[in-house]
Amino acid sequence: MHRPHLLSFTIALLMFGCGGESASSSSGADISPAMASSEAFVQQFREALESAEPGDIIDVPAGVHSFKRALTLNTDGVTIRGKGMDKSILSFKGQISGAEGLSVNASDFVIEDLAIEDTIGDALKVNEGENIIIRHIRTEWTNGPDVNNGAYGIYPVQTVNTLIEGSVAIAASDAGIYVGQSKNVIVRNNRAEYNVAGIEVENTIGADVYDNIATNNTGGILVFNMPQIPQRGHSTRVYNNQVSRNNTENFAAPGTAVSGVPKGSGILVNSNDNVEIFNNQLSDNDTANILISSYFSANYAGQKNLAKEFDPYPEYISIYGNTFQGGGEKPGADYLNQIRVALYGPTGAFPDIIWDGIVNPEAATDGPFICVNNSEAKLLNLDAGNNFEGAQVNMAVHDCEVGKLPAIVLRGALANAS
Amino acid sequence: MFALSTKPKARLLKRPFTCARWLIPLCLVILGACHRSPEVQFFGDQEYPQKLSAWGLMQLDNQLIRLPSEQQVYELNTPLFTDYALKLRTLYLPVDTSISYRATDAFDFPVGSIISKTFFYPVNSSGAIALQSSWNGNPHDIDLSVHRLIETRLLVRQPQGWDALSYIWRNGEAYLSIIGDLITLPVDDGSELNYLVPSRNQCAGCHAENHTHGTIHPIGLKARHLNRPHPIHARNQLLNWQQSGDLSGAPQPALIPRNARWGENNGDLNLRARAYLDINCGHCHNPRGAADTSGLMLDHQASDPAHLGVCKPPIASGRGSGGHLYDIVPGNPELSILAYRMSTTDPAAMMPELGRARVHREGLTLIEDWIASLSGVCL
């Protein structure tokens with residue numbers, strides 16, 4: 001801890017003064033004998049989080065610090081700082097209480113240079129708050145992909161003005177980095193590997209996702225909208241990312257939104273509008289390097305019960321300047337593979353971009369829905385709404401322009417970071 | 001006969017002891033050792049005592065719990081399930097003050113109010129707890145030779161708002177714990193129960209029903225939960241408080257909302273299920289709560305079947321989906337995520353997320369029966 005508080009100071013004194021009379025030490029459940037070197041820290045860290053005051057900097061020393069129950073922080077203006085994502089490790093192996101590792105409900109929050117490993121549920125959840133910096137954090141399930149891993153690694157939801165950078169997310173059973181229902185977000189310089197979804201931006205307004213590496217996930221980078229939640233998302237730029245070999249078997253729990261993502265998906269847009277995909281390097285994603293789909297192709301339940309206010313159609317999608325290599329040769333869904341064989345033969349490959357082709361029947365015009373200005377790259381319209389009968393490549397209809405989205409500008413204390 | 005009456009109560013907001021800040025630890029130790037007040041004491045937020053006894057809220061005497069006369073016991077129509085723990089609820093109001101009635105939200109309490117909830121279990125001769133009890137709700141019938149006190153939680157009304165404190169019982173005294181604890185309790189069926197004492201921030205996880213503001217309030221002390229007979233004298237609790245002058249601004253009894261009692265088997269199934277979901281889920285699953293992210297609303301005001309989960313796909317459930325497609329499949333509890341999450345003890349999948357290490361079998365049966373009674377088809 002940067003500076004001790006009166007309260008924790010008092011508690012500490014009482015512990016000395018009263019011997020075994022202090023509360024909270026009866027079970028010792030937090031302390032694993034193997035981690036004896038960090039016993040004192042485990043207690044101190046909890047106290048620092050529970051009695052935090054704005055402006056606190058809570059240091060996490062190097063070492064493996066073992067926890068059996070979730071950590072929570074509700075105080076604004078707190079920084080949690082470790083010595084590096086491979087040095088300061090909050091380990092939740094054997095966790096028996098709490099749905100997250102660290103659960104935060106606070107603004108002006110900074111967490112940097114530490115790892116959160118093997119939580120039973122989500123690793124780091126920030127539920128509501130403004131001005132959030134998550135930097136050089138590693139979230140990992142050390143056993144590798146497994147349906148029993150926690151759902152999300154880095155999970156800000158309903159936040160405003162959020163930066164996630166320089167972080168690493170590995171083996172989440174849903175999304176490694178998941179930005180949900182947020183506004184004004186930058187996700188950059190991160191690495192997401194062996195998750196079902198590497199990086200997922202969902203129901204978020206205004207996100208820039210750039211300079212990330214997404215590899216060996218089921219799907220690399222996802223931009224989604226889901227119905228029946230408070231905020232409808234739009235306006236995301238995905239650029240300068242390396243998205244390769246996202247061919248890991250889908251290990252999500254059945255019934256979850258990402259359980260329908262075919263393995264081999266590079267960048268996947270579902271039901272979202274105003275998405276710009278440019279200057280990415282995409283390679284060897286076996287279903288397709290880029291997939292654009294409506295809610296109806298996501299293999300979700302409830303497709304016919306959509307609320308009227310939900311827009312299931314992806315519109316105003318702009319794709320340009322990306323480089324493609326390989327991919328599309330082994331789609332991760334049977335129906336997609338059958339179409340591939342039918343159209344391109346047993347050894348053929350999908351083009352770099354596939355689209356389910358399902359458009360709003362009540363739309364005023366025929367488009368543009370998806371504009372592609374990407375040299376030789378082709379888009380295959382699967383015509384999924386008509387049993388794939390009219391599947392075809394027709395680049396002329398995608399020769400269009402969508403107005404460019406402005407860059408995300410982080411505000412306040414985060415302005416310097418961007 | 002129904003005029004306001006005043007009854008003797010403890011002195012208002014009396015500071016029990018003051019001393020230089022650097023001496024506080026020493027003072028608290030001395031107080032704890034020497035000072036056994038027969039009266040309720042109130043402490044400012046910088047001077048919470050390490051021992052529960054300093055508050056004067058209850059005394060242990062000859063294997064019984066003695067409550068000062070100014071403490072009132074109350075009960076809820078349908079309470080939160082907490083691993084089959086028994087709960088003794090008390091309310092202390094400063095003298096010459098009253099609670100302001102609200103129809104929906106928690107009542108407005110005067111500064112200096114203290115709400116306590118003591119969690120306890122029956123124990124057998126070897127100290128193993130039992131998960132069933134026939135306790136009648138009367139504090140005088142808690143024989144401490146056959147019951148174990150686990151923790152006492154306080155909600156303390158300070159000028160700036162409510163504070164939540166947990167005290168953990170050990171050897172006849174309870175000690176303040178900011179960071180909470182996991183206490184492993186032996187159960188009389190040979191199993192163990194990992195009982196969670198919530199940390200201060202975890203208290204807010206439920207008591208901040210408005211997750212954006214983050215301010216905490218009582219959950220149970222609402223009209224619809226309190227509108228029922230008193231556990232000891234059987235008169236209506238709210239009418240009783242109105243007549244004693246402890247509650248002001250309440251309408252006539254017929255206009256006060258009332259939740260069903262979940263365990264009344266001859267009661268209306270829908271009302272019992274909704275009451276159960278309201279108290280167990282509604283503090284997060286409401287339009288301003290922590291779980292509004294899910295779009296699933298289980299508070300008493302929810303009316304849209306889709307918001308209640310009917311044919312609603314999950315948003316961010318992880319393996320909490322249990323492999324199912326919808327929160328509620330009408331007529332099919334075995335296909336409904338809602339029932340699944342109540343039926344598991346996997347911390348990543350279960351609901352509620354905290355304070356439950358066991359399945360509430362009877363509560364689950366209620367919700368399963370309710371889902372089975374619903375009609376409709378998910379397309």
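How many Å separate the centres of domain 1 of chain B and domain 2 of chain B, taken over C-alpha atoms? The figure is 27 Å, and keep in mind that this is a predicted model. As for where those two pieces sit in the sequence, the domain assignment puts domain 1 of chain B at 21–226 and domain 2 of chain B at 269–373.

Now look at where the two domains of chain B meet. On one side, domain 1 puts 24 residues into the contact, and domain 2 answers with 18. Which elements give two or more residues to the domain 1 side? They are β11 (192–197), α2 (200–207) and α3 (223–226) of chain B. Of these, β11(B) supplies the largest share, with 4 residues. In character, the domain 1 side splits into 11 nonpolar, 10 polar and 3 charged residues.

Next, a pair of helices in chain B. Helix α5 (residues 269–281) and helix α7 (residues 361–373) have axes that come within 9 Å and cross at roughly 130°. Angles over 145 degrees would count as roughly antiparallel and 65 to 115 as roughly perpendicular, so α5(B) is oblique to α7(B). As for handedness, α5(B) goes past α7(B) in a left-handed crossing.

Which residues make that contact? From α5(B) come B:L269, B:N270, B:R272, B:A273 and B:Y276, while α7(B) brings B:G363, B:L366, B:I367, B:D369, B:W370 and B:S373. Sorted by type, the residues of this helix contact come out as 6 nonpolar, 3 polar and 2 charged.

Key
Residues numbered from 1 in each chain as written. Chains lettered and ligands numbered in written order. Predicted model: local features only at pLDDT ≥ 70, side-chain atom pairs only at ≥ 80, totals over all residues. Axes fitted to C-alpha atoms, helices over the stretch in contact; angles between N-to-C directions. Parallel < 35°, antiparallel > 145°, perpendicular 65-115°, else oblique. Left-handed = near helix turned anticlockwise from the far one by under 90°. Contact = placed C-beta atoms within 7 Å. Nonpolar A, V, L, I, M, F, W, Y, C, P; charged D, E, K, R; others polar. Domains from an automatic or database assignment.
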